[in-house]
Amino acid sequence: MGSEESGKGGPVDYRFTLANERTFLAWLRTALALLAGAVAVLHLLPLDWAGVQRTTVGLVLALLAAVIAVYAPLRWYRVQRIMSRGGTLRMGLLPAVAAFAVFAVCVIILWGNLR
């Protein structure tokens with residue numbers, strides 16, 4: 001039995017490669033959305049906040065967008081390499097961190113509007 005038949009070291013099924021690419025693009029869309037949120041907080045939302053609060057929330061969103069923009073291609077490459085070797089994928093921590101950060105920013109913005 002050759003390596004292509006066993007799934008170890010052979011070519012990766014194109015469906016998995018394309019799914020990996022779609023995930024990469026989803027991470028990039030997430031980064032762009034977070035960056036748009038940063039611009040909105042910094043320049044568009046009519047929040048009655050001090051400059052420090054507005055800047056802090058905007059910078060947190062922009063920083064998270066930058067982290068995701070760096071993470072996306074690294075993850076894409078790592079997953080592609082693992083799939084080509086027939087390895088097992090591990091769960092990453094960034095989805096949970098991103099979800100918590102977005103939730104925290106939502107709570108801060110809602111709290112800022114209710115004061």
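Helices (H or I, at least four residues) and strands (E, at least two) are DSSP runs, numbered from the N terminus. Keep that in mind as you select Gln-80, which lies in helix H3, residues 51–85.

This is a predicted model: local features need pLDDT of at least 70, side-chain atom pairs count only at pLDDT 80 or more, and totals for chains, interfaces and linings use all residues. Residues are numbered from 1 along each chain as its sequence is written, and side-chain values use heavy atoms, with hydrogens and water left out.

**Whole chain**

Start with the cartoon view. The protein has four helices and zero strands. Along the sequence the pattern reads α-α-α-α.

Now show the surface. The accessible surface is about 7900 Å², and 70% of that belongs to carbon and sulfur atoms. Accessible areas come from the Shrake-Rupley method with a 1.4 Å probe; for residues, only the protein chains shown count as cover. Of the 115 residues, 25% are buried. Buried means under 20% relative accessible area, exposed over 50%, and partly exposed in between (1.4 Å probe, protein chains only).

Contacts come next; contact means heavy atoms within 4.5 Å. Take the contacts with a separation of 6 or more: residues 24 or more positions apart account for 74% of them.

**Helices H2 and H3**

Select residues 14–44, which form helix H2. The expected span of a helix is 1.5 Å times one less than its number of residues. The 31 residues of H2 should span 45 Å, and the end C-alpha atoms are 43 Å apart, which agrees. Colour the buried residues of H2: Asn-20, Trp-27, Ala-31, Leu-34, Ala-38, Ala-40 and Val-41.

Move to H3. This helix has 35 residues and reaches 51 Å from first C-alpha to last, close to the 51 Å expected. Then step to Gly-86, just after H3, where phi is positive at about 75 degrees.

**The Asn-20 and Gln-80 site**

Is Asn-20 buried or exposed? Asn-20 counts as buried, at 4% relative accessibility. Gln-80 also counts as buried, at 17%.

Show both side chains. A polar contact of 3.0 Å joins Asn-20 and Gln-80. A polar contact is a pair of N or O atoms within 3.5 Å; within protein, one must be able to donate a hydrogen and the other to accept it, and residues adjacent in sequence count only if both atoms are side-chain atoms. The side chain of Gln-80 makes another such contact, of 3.1 Å, with the side chain of Thr-17.

Now widen the selection, leaving aside neighbours within four places in sequence. Asn-20 is then in contact with Arg-75, Trp-76, Val-79, Gln-80 and Met-83. On the same basis, Gln-80 is in contact with Val-12, Thr-17 and Asn-20.

**The aromatic pair**

Rings of Phe, Tyr and Trp (its six-membered ring) pair if their centres lie within 6.5 Å; planes under 30 degrees apart count as stacked, over 60 as edge-to-face and the rest as tilted. How many aromatic pairs are there by this rule? The count comes to one. Select Trp-27 and Tyr-71: their pair is edge-to-face, with 5.2 Å centre to centre and 80 degrees between the planes. Trp-27 lies in H2 and Tyr-71 in H3, so the pair ties together parts 44 residues apart in sequence. Both Trp-27 and Tyr-71 are buried.

**C-alpha distances to check**

Pick Thr-23 in H2. Thr-23 is partly exposed, at 31% relative accessibility. Draw a line to Ala-72: the two are 49 residues apart in sequence and 8.4 Å apart, C-alpha to C-alpha.

Go on to Leu-32, also in H2. Leu-32 counts as exposed, at 57%. The C-alpha atoms of Leu-32 and Ala-66, 34 residues apart along the chain, are separated by 9.2 Å.

Then jump to Ala-104 in helix H4, residues 94–114. Ala-104 is partly exposed, at 24%. From Ala-104 to Val-57 the C-alpha separation is 9.7 Å, across 47 residues of chain.

**Last stop: the salt bridge**

A salt bridge is a side-chain nitrogen of Lys or Arg within 4 Å of a carboxyl oxygen of Asp or Glu. A search of the whole structure finds one. Select Asp-13 and Arg-15: the closest N and O atoms of this salt bridge are 2.4 Å apart. Asp-13 is partly exposed, with a relative accessible area of 23%, while Arg-15 counts as exposed at 52%.
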